[in-house]
Amino acid sequence: MIEVKNVVKKFDGFTALDGLDITVPTGAIYGLVGPNGAGKSTIIRHLAGIYRQDSGEVLIDGQKVYENPAIKRRTAYIPDDTYFFTQAGIRDMMKYYRGVYPSFDQSRFEALREVFHLDEKRPMRKLSKGMQKQAAFWLALSIRPEVLILDEPVDGLDPVMRRQVWSLVMGDVEEHGTTVLVSSHNLRELEDVCDHVGIIHEGKTMLERSLSELQENVSKVQLVLNDGQALPEGLNILHSSTSGRIRTLIVRGKAEETEARIAGIGPLFYDLIPLTLEEIFIYELGGADYAVKDIIL
Amino acid sequence: MSWEVPIMRSRTSSCEKTIFLKELTRFWPLWAAYLAVLLLTMPVALQGTLDASRPGREVYAYLQSLQTLPMMHLIITAIVSCLTAMAVYSFMYNARSVSFAASLPVRRGPTFLAHFLAGFCWLICVNVIAFGLYAAVAAAHGVGYIDAVLCIFLMNLLFILFFYGFASFCAVLTGNIIVLPLVYGVLNFTAVVVEFLGGSLLQRFVYGMPDRTDGVLTFLSPAVKLAENCGLHFENAAGEYTYIWNYSPEELPEIFVRFDGFITAGLYALAGVVFIVLALLIYRRRHMETAGDVVAVKVAKPIFRWCMTFGCALVIGTLFYQVIFINEPTGRLCAAAVAACMIAGAFIGYFASEMLMQKSFRVFAGKWPGYLVAVLVILVFVGAFEFDLFGYERRVPDAEDVQGVSLMYDTLLEEPENIRAVTDLHRSLIEHKERYDTKQETSGYVGYAVSMPVTAPGAGYGEDAVFKRTLRLLYTLKNGKTLERLYTIRFTEAEWDTPGTDSNSLEDLVNCHEAIMRRKETPVPVSANTVYAANVGGTTAEGYKDFSLTPQEAEELYACIAQDMDEGAIGRIWLCASERYSNTVYDGYISITLRLPGTENAEEYYKFGDFGTTPTKDAVHTDAFLREHGIELLTIAETRELNALPGAVPEPYPYEVYA
């Protein structure tokens, strides 16, 4: 389990993290989203043991991360901008990882060769950004990490490779209970893989829930009412729009309860449609004067 | 899920080992280049030298080669240590690489040590190979002194410890790889430069301030201090030493190689160890987000700011002063000009440091109070010296506390009455500050041995012509300390001829019996056996002539000169090119080259020395000898008359020259 408790981090007077709280259950895939400058990469670097917080706690499985090799041995970190030794090829880096990470699984490395079709002897600097990202996944997954921290992980990967990579990650989660924290701007992609979501803004946590919880709590309703018919009472409508006779409502509340109320008035037509993660954020947070547009765009 | 790691200790060491081994191999081109340089300059060069040496001369060539090694290694080690630090700590200067290193499952301390040791091991290994091969070449040629090679190797290890430790310390202070060599280079020379420039600026307005520093801060400039102190020389059984080629082959087996500066190098090596520990401690606390910053450690930022401020006040202040005040102002104006230039230099240093630290040109808002503090410090500093708050200008040591005092032309006085006369003269010079502290008229002449009139040059001396002399007083006190002052005294011929005036007192001092007796001393005893060449050159009625003397004649001549010196008739220094001087001193010079033979069958091995003086009419014994040998020189006045030279042109020998 990853726990970030009231973490504050300042850079030359600029507050990057301002009492941030995050909780990632063991075995969860946690999507961390936020606008540019929200503090996503900063908290990820804390979780990777790179930065030391000014105050607060950064814990994995109850132990502090900073200067804790025991925790870091079980953690793999893939930054948004990967680093490899200039002259090294994948095989050289593999040997390095094998020496540094005791849990490095040589057989898995060999097995993953079938997934990542990369020239192991070619210097990393001669690989494209996407190929370097693949190499980073190859090496990170070969560690057999119990915690995987990913910062904009699939940037630069082609769609096929994205699927491959996520498939491998989810396989690890399913088989080994790996805990994954992933930051991304791409909410549509996170929706496909995450079971928990946290949104941060200006160094603070705005919202943190499981995806199902989010989806259960807000519904999109399309309905056509009879002439003179009014909407049922008691609906918590976040947003309403009309196109011809069709009205579209975003309603907060349990989907079953919402459906029961609408069915109760007997409209000409109605349908409940699940919201996308992007829509949930817009409607949940749109009225809260947060920079939701920044997150979505 | 368990987080326990089996055999944790061994795993931890495995991580460090991996990092260490990777660092060893990553920068192999640097180590290879270092090895190539050492191989070329040591075993290969020695092999070439020994092959090219004439039979029987190999040991000389070898020992000469040995003698160059400490200085050569000092320079190479200083440079390579910095390059090594730049290589092994390069991961700290890039956000990506530092994140990679910091995310590895290794603590900061072991990470630092793994990088440090990788560089250190290579530095040692390269030296072991180079010195080993050097010793092998020496052994193959049978030239011996292998223990000396080992000593130089050990000395170089001390150099490595210091320079690499110091470079490591500089490396953790900055977050920029370009700044690392700059900081390292600057700190290796800062103290000497600051002392020199500080002294140079003070000399402009502090009366009596010498033009050279006593080097008390040199130890803070390690490269300079080590270069000054470390080396080796070749000593005979009697503890005497000279240039290696001065020893005869018979003497060589008795020669010892003596090392200088082992203690100095050892102390710096200890300092190097302290720097390594400090670097380790700083690295453990260092924030990784400072990669790219000029100053990576918070506590070092104010130090950097103030060092830049006052460093620029000195360096740029000196530059401004040189450029703007070509016609040097005098008195209070000079101090004001120096202060103004330093304040301008401080402005550049202070705000440049802010720009570098903040990586922005917009640094002026809110930073003026700090700069005003710097201005205040400069004003207090300059004001304190200008108004002599430290009593520097007024200080004259008690004669009882003085062991000896050196005046112009290396005149050393140790007799109590002479020392007392010097301190009296010193007090008088201080009393006459207003007269002598006029820089404009002395510029361009300070330090010249030739006494020239300041006023109306070329127009004849005249009664009002003002002469000047630079007087350096270097006291050696009985407590071992030294005190040095530098004055330029100015006088007319009438003043110089008047007893009790400063110039007259000075003339008496530099020509006292003790001073002249010292000029009689020669590095090699004068005898027919030791005279290698002797001649008398000068103007005669037939023009300039050169007369060679036989060793026997030279020995006789020296005996005459010595007798005249005892009587105070030759070996004088003339402060003023007066008529008396022109009528007394011959326009000529006596030169005797001496050499001490080695052995009969190895004639080329000698110790050399020289003696010389200008003959005078008063030196009756010398004069008689010269006339007996047909050498009839003209006085300077006679020469002037002969050549119809205008009186204002300085004579070729306006003072007597002595050994």
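Which residues are exposed on the other side of α12(B)? They are B:Trp368, B:Pro369, B:Leu372, B:Leu376, B:Val380 and B:Ala384; a residue counts as exposed if 12 or fewer other C-beta atoms lie within 10 Å of its own, as buried if there are 20 or more, and as partly exposed in between, with C-beta atoms placed from the backbone.

## Basis of the model

This is a predicted model, in which local features need pLDDT of at least 70, side-chain atom pairs count only at pLDDT 80 or more, and totals for chains, interfaces and linings use all residues. Residues are numbered from 1 along each chain as its sequence is written, while chains are lettered from A and ligands numbered from 1 in the order in which they are written.

## Chain A

Chain A contains 11 helices and 14 strands; helices (H or I, at least four residues) and strands (E, at least two) are DSSP runs, numbered from the N terminus. Its C-alpha atoms fill a box of roughly 75 × 45 × 30 Å along the principal axes. Of the 297 residues in chain A, 39% are buried.

The domain assignment, automatic or from a database, divides chain A into domain 1 (2-202) and domain 2 (216-296). The C-alpha centres of these two domains lie 37 Å apart.

## Helix α12 of chain B

Helix α12(B) spans residues 368-386, 19 in number, and reaches 26 Å from its first C-alpha to its last, close to the 27 Å expected at 1.5 Å a residue; the expected span is 1.5 Å times one less than the number of residues. Buried in this helix are B:Ala374, B:Ile378, B:Val382 and B:Phe385. These residues lie on the same side of α12(B) because they cover an arc of only 65 degrees around the axis, the arc being that of the directions from the helix axis to the C-beta atoms.

The buried residues of α12(B) pack against α7 (179-205), α10 (300-324) and α11 (331-358) of chain B, where contact requires C-beta atoms, placed from the backbone, within 7 Å. After α12(B) comes B:Asp388, with a positive phi near 50 degrees.

## The four-stranded sheet of chain B

In chain B, 4 strands form an open sheet in the order β4-β3-β5-β6, with antiparallel pairing; two strands pair if DSSP finds at least two bridges between them. Strands β4 (412-413) and β6 (482-492) stand at the edges, each with a single partner strand, so one side of each has no neighbour in the sheet.

Strand β5 (466-477) of chain B pairs with β6(B) over 11 bridges in the antiparallel sense. B:Arg469 has B:Ile489 in β6(B) as its bridge partner. Helix α17 (502-510) of chain B packs on the sheet and touches β4, β5 and β6 of chain B. The direction of α17 makes about 120 degrees with that of β6(B); axes are lines fitted to C-alpha atoms, for helices over the stretch in contact, and angles run from 0 to 180 degrees between N-to-C directions.

Terms used. Two residues are in contact if their C-beta atoms, placed from the backbone, lie within 7 Å.
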